[in-house]
Amino acid sequence: MSKFTTGLNPEQCKAVRTIEGPLLVLAGAGTGKTRVITHRIAHMLSTGIPARAILAMTFTNKAAGEMKERISRLVSGKASANLTVGTFHSFCARTLRRFPEKAGVRKHFGICDADDQVVAMKQALREMQIPEKTLQPKVCLQHVSLLKNRLVDAQTLARSDDDWESMIGRAYACYDRGLRASGLLDFDDLLVYVVKLLKDRDMLARFREQYRYLLVDEYQDTNGPQYEIIRQIGGKHRNICVVGDDDQSIYGWRGADVSKILNFEKDFPKATVIRLETNYRSTHQILEAANAVIKNNLARHEKKLHSAVGDGDPIRITKLSDEETEAIFVVEDLVSRARAGGQRLGEFVILFRTQVQPRLFEMQLRERNIPYTLIGGMSFFDRKEVRDVLAYLRLVANPMDELSLLRVINKPPRGIGVATVQKAMTIAAEQRRPLADVLTGKCTEARLPEAAVASAKRFLDMLKALSHLGTGPKLVELIRGVIKGVHYADEIVRCYPDDKTRTVRWDAVNEIMNMAEIHSRRGKKASLSSFLEDLTLSAQDEIEERSETGEDKVTLMTLHSAKGLEFGEVYLVGVEEGLLPHSRSVVDGTVEEERRLAYVGITRARRRLTLTYTMSRARYGNRFTTMPSRFLFELSGKEPPLERMKSIADQQNSPRARSVPKPVRMKPRAKPTKRASSRSTRSSRRSV
């Protein structure tokens, strides 16, 4: 037995040893998939496969970092030094940096974050004279992101006979033009442009020659462009290993396509399929509940989790009168159990489906002075001062970045008024000229105030003069020079009158310099561009990272945020029709994804699981009668009352819900080929 298979169960061993040909590893919740992936790569290296021939892709920087660390512990650092392990987005960003001309992007492109995207979309809608009440920028961005994730181009949609679809398509095109003019790509563009790059035969041959072995983690979360990248690079050698769990595919709303994992055997004929079904996290009772719910999905690979932990406490299903009573019960029960069992508060989590649910739980926790953390609060990268300083740095790296220029042109005030900026923006749009050129007087037709032009020129010249410092150990010196040169201390004083707040805000500015110092020590290739890219990509993972701080606090989080985590005791609240499954899912046909979401929530628990539902709940300012979720009926082996469910759904179909803009219609996804082939024995009956 190889040292890389010691301590693994038979299915895990087979997954580690199967190297050649397509391989699908169906890794159920808590079945040790990360260990399998890292041991498999270590085993591959031990057989003589060169590290540079292996491409391992995952979905978060945190997961990629853990993977690299584990592999380096299993094999010598020299053997694994040339491994390519990272997220799809980081791999694509590096690829576009290497081949910008081939990909059709600027050499020094910037990557705009979510807030920058909103600003860019607002500008696009303003240019098209579409009022925000007609089409909200964030709603439009959601549609555009989904279209890019399905590889639908703007022109195709803009030609639609449907007025709504045509408007989305034209906004999509205008938004993209604005980004390109500023030398920017959004996160979806990173993937889309690599797909375009791989259409070049020479480039595709180059990637296929290098990466002869592909491994993809969390394959159930892949979208259209990610799938195309995998298929194109791995299509020749077919040494593609994908690891995932279709039962945990919960991101369809942002483009993930569960049919990719369901159709893997069709896409890659003669694939080996290995099921990891031994769960090392949860008790038998918790897994029986999870199995009883998820087996009701038709579009899934047949599998059933078994516990290596053994028996534990029975699952609790608790009925409460209303949401306030629910919050009181959960918090009192949680506190009682923590005190009686001597458990850390960090072992407890309250999971909910929607962002509005935690308010009452927060009130109850605060009343009892119980420390807690709500995952999804303000990110470090959302702080005003952090966004300001990063905008300055983006301007140094890319003087054409109009979004960053607009953010900081008057922070602190430097005599360039709002009216001047608006006039400059209008002229820049009309003449298709860079905004910086207009503001600095290079466009003589603008006739802007001389003082404003002189101020803008001094500002941009100062940033340009510092750009030569943007490499290696001088990175911190550059940032310090920018902060001093733009007089950012004046902005802190202007915005925050009290000393305590100023200190906190200034600490955040200093933290950027600390991060730059760490980045500059990582290697000779450290630069301002690589630093900004790392920050932008890592900001995407911050919610997950903040969810595992190790602090002894009760955790409150959405079900979507909980994926990949585990807790000793889980309270899954609001398990009702209309909440879980969400009322929208009944209308748009995504109940199976909601069932997967419930499955994810259940399988977060190691020792104890409590499910709660109420008899009534406030909605849109009115109180409505509620009913237990269909998932609770499935868990207990009972048939849900269909007529009552329909009545509840009709109540929840309020005028407010009907006012949501209609979605963009697109071709339906290919129907999954897998169907549940059998029905396993239902779990023990529980009253609902």
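# Helix packing and burial, asked and answered

Guide: In this predicted model, helix 19 passes helix 25 in a right-handed crossing.

Visitor: What makes helix 19 roughly antiparallel to helix 25?

Guide: Helix 19 (residues 384-397) and helix 25 (residues 488-495) pack at an angle of about 155°, with axes 12 Å apart. An angle over 145 degrees counts as roughly antiparallel, and helix 19 is therefore roughly antiparallel to helix 25.

Visitor: Which residues of helix 19 and helix 25 meet?

Guide: From helix 19 come K384, E385, D388, V389 and Y392, and from helix 25 come Y488, E491, I492 and C495. Sorted by class, this contact of helix 19 with helix 25 has 5 nonpolar, no polar and 4 charged residues.

Visitor: Why is helix 1 called oblique to helix 2?

Guide: Helix 1 (residues 10-17) packs on helix 2 (residues 33-46) at an angle of about 40°, and their axes are 8 Å apart. Roughly parallel requires an angle under 35 degrees, and roughly perpendicular runs from 65 to 115 degrees. The angle belongs to neither class, so helix 1 is oblique to helix 2. Their crossing is right-handed.

Visitor: Which residues make the contact of helix 1 and helix 2?

Guide: Q12, A15, V16 and R17 of helix 1 make the contact with V36, H39, R40 and H43 of helix 2. By class, the contact of helix 1 with helix 2 comprises 3 nonpolar, 3 polar and 2 charged residues.

Visitor: Why are helix 2 and helix 3 oblique to each other?

Guide: Helix 2 and helix 3 (residues 61-74) pack at an angle of about 45°, with their axes 9 Å apart. Angles outside the parallel, perpendicular and antiparallel ranges count as oblique, and helix 2 and helix 3 are therefore oblique to each other. Helix 2 and helix 3 also have a right-handed crossing. Helix 2 contributes T34, R35, I37, T38, H39, I41, A42 and L45, which meet M67, R70, I71 and L74 in helix 3. The residues of this contact of helix 2 with helix 3 divide into 7 nonpolar, 3 polar and 2 charged.

Visitor: How do you know that helix 8 is mostly covered?

Guide: Of the 13 residues in helix 8, 10 are buried; burial requires under 20% relative accessible area. The buried residues are P137, V139, C140, L141, H143, V144, L146, L147, K148 and N149. What covers the buried residues of helix 8 includes helix 7 (114-127), helix 9 (154-158), helix 10 (163-181), helix 11 (187-197) and helix 13 (224-234).

Visitor: What is the reach of helix 8, from its first C-alpha to its last?

Guide: Helix 8 (residues 137-149) reaches 18 Å, close to the 18 Å expected at 1.5 Å a residue. Just after helix 8, L151 takes a positive phi of about 60°.

Visitor: What makes helix 13 mostly covered?

Guide: In helix 13, 9 of the 11 residues are buried. These are G224, P225, Q226, Y227, E228, I229, I230, I233 and G234.

Visitor: Why is D186 called buried?

Guide: D186 has a relative accessible area of 1%. Burial means a value under 20%, so D186 is buried. D186 is found in the loop between strand 5 (184-185) and helix 11. Apart from neighbours within four places in sequence, D186 is in contact with C112, Q117, K148, Y175 and L179.

Visitor: Is E218 buried or exposed, and how do you know?

Guide: The relative accessible area of E218 is 17%. The limit for burial is 20%, so E218 is buried. E218 lies in the loop between strand 6 (213-216) and helix 13, and its phi is near 55°, a positive value in a residue other than glycine.

Visitor: Why is R238 called partly exposed?

Guide: R238 has a relative accessible area of 28%. Partly exposed lies between the cut-offs of 20% and 50%, so R238 is partly exposed. R238 is placed in the loop between helix 13 and strand 7 (240-244), with a positive phi of about 65° although it is not a glycine.

Visitor: Why are such phi values, and cis peptide bonds, singled out?

Guide: Most residues other than glycine have a negative phi, and most peptide bonds are trans. The bond from K411 to P412 is cis, with omega near -5°; P412 is found in the loop between helix 20 (402-408) and helix 21 (418-431). A cis peptide bond also joins L580 and P581, with omega about 10°; P581 lies in the loop between strand 15 (567-572) and helix 30 (583-588).

Notes:
Residues are numbered from 1 along each chain as its sequence is written. This is a predicted model: local features need pLDDT of at least 70, side-chain atom pairs count only at pLDDT 80 or more; totals for chains, interfaces and linings use all residues. Side-chain values use heavy atoms; hydrogens and water are left out. Axes are lines fitted to C-alpha atoms, for helices over the stretch in contact, and angles run from 0 to 180 degrees between N-to-C directions. Helices (H or I, at least four residues) and strands (E, at least two) are DSSP runs, numbered from the N terminus. A crossing is left-handed if the near helix is turned anticlockwise from the far one by less than a right angle, and right-handed if clockwise. Contact means heavy atoms within 4.5 Å. Ala, Val, Leu, Ile, Met, Phe, Trp, Tyr, Cys and Pro count as nonpolar, Asp, Glu, Lys and Arg as charged, and the others, Gly among them, as polar. The expected span of a helix is 1.5 Å times one less than its number of residues. Buried means under 20% relative accessible area, exposed over 50%, partly exposed in between (1.4 Å probe, protein chains only).
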